[in-house]
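Colleague: I am new to this one and would love a close look at a single part: its aromatic rings. Could you walk me through them?

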Amino acid sequence: MTPDQKFARWVKHAIVVFVLVFAYFLVADLTIPLTPQAMATRTVTKVAPRISGQITAIYVRNNQLVRKGDVLFEIDPRPFQLAVEQARLNLAQATKNNAQLDASIAAAQARVAASQIIAEQKTREANRFNTLFKKNGVSGQQRDDATSDATAARANLAAAKASLQELRVNRGATDDSNLAVQIAKNQLEQALLNLSYTQVAAEHDGAITNLQLESGTYAAAGMPLVALVDTEVDIIADFREKSLRRIDDHSYALIAFDSQPGKVYRAEISSLDAGVSSGQFNADGSLATPTVSNRWVRDAQRMRLHLTVAGNLPNPLPAGARATVQLVPDGHLMGWFARLQIKLLSTLHYIY
């Protein structure tokens, strides 16, 4: 065989190998899709105080694991303790004021009763003088004086009743629904709540990370000071749209983490995101902006898949740890190729 014939044979073999590999990748991309665009994520809570004040104590260190309810840091409680004491004094003052109003109401009721008696008496006298005046028993001056006294007595009675009503309005309800007492109790509860906020606690289990807090720092309400990373891990993987069309309830995934080369973990598909940011449009009054591209074949859209690892994860597995995800369809033959494919890539992580 001449050198030209040998070369031609090698070219043919190379073409056949290329066609087979190309065909494999086409079929594999449709039936056993794989993506290196995957990572481990954890929910990160930005811990912020609910009140403002100077930080007096820090009870955690960087990368420390904490449990729900553990105190992370404390804000100077003295101003809030004074606010609680002031609120208690206000409640006591409101109770005292109500007691004074009760005494004033009792006195006003007595004045109304006395004015009622006087008004009735003066009215009877005016009626008698009016009868005697018709019989020429008294003078007109006497009758007019009696009539005036009766009118004044009735006016005094009306004034006494109005004063009693004013006191009753100021007093309000006599039970626990009294407005003044309720306002004072509400202020006390708010002061106690603010005092409890001086100790900032973890809302869930997790790890403190990137701690840059020092005693003496002034904390502003609502401003994040500590990052709390959740213990629950969520694996996200971005696949092209067409790669997900054959995935069903019987499919599962295999994951190889860059930090654990050579080891493969089984994972269950938990959910598929309802959309991506490129499909979100804000109602800002602007006109549509159509996409302009001179390319015949556009870039494929990627959708985000969420997975849950079955079993124990590598520990520690930080948020942002990169991984490769292999989807395994329902079928023995293609499933075998999928496992072989991810095993090969996981082994290659030893090299690169």
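Modeller: Here is a tour of the ring pairs, followed by a charge that sits by a ring. Please keep in mind that this is a predicted model, in which local features need pLDDT of at least 70, side-chain atom pairs count only at pLDDT 80 or more, and totals for chains, interfaces and linings use all residues. Residues are numbered from 1 along each chain as its sequence is written, and side-chain values use heavy atoms, with hydrogens and water left out.

Searching the whole structure turns up two aromatic pairs. Rings of Phe, Tyr and Trp (its six-membered ring) pair if their centres lie within 6.5 Å; planes under 30 degrees apart are stacked, over 60 edge-to-face, and the rest tilted.

One pair joins phenylalanine 257 to tyrosine 265, edge-to-face, at 5.7 Å centre to centre with 65° between the planes. Phenylalanine 257 and tyrosine 265 are both buried (under 20% relative accessible area, with exposed over 50% and partly exposed in between, using a 1.4 Å probe and protein chains only).

The other pair is made by tryptophan 336 and phenylalanine 337: their planes stand at 80° and their ring centres are 5.2 Å apart, so this pair is edge-to-face. Tryptophan 336 has 47% relative accessibility and therefore counts as partly exposed. Phenylalanine 337, at 27%, also counts as partly exposed.

Finally, look at tyrosine 252: the charged end of arginine 266 sits over its ring, 3.7 Å from the centre. That wording applies if NZ of Lys or CZ of Arg is within 6 Å of the ring centre and within 35 degrees of the ring normal.
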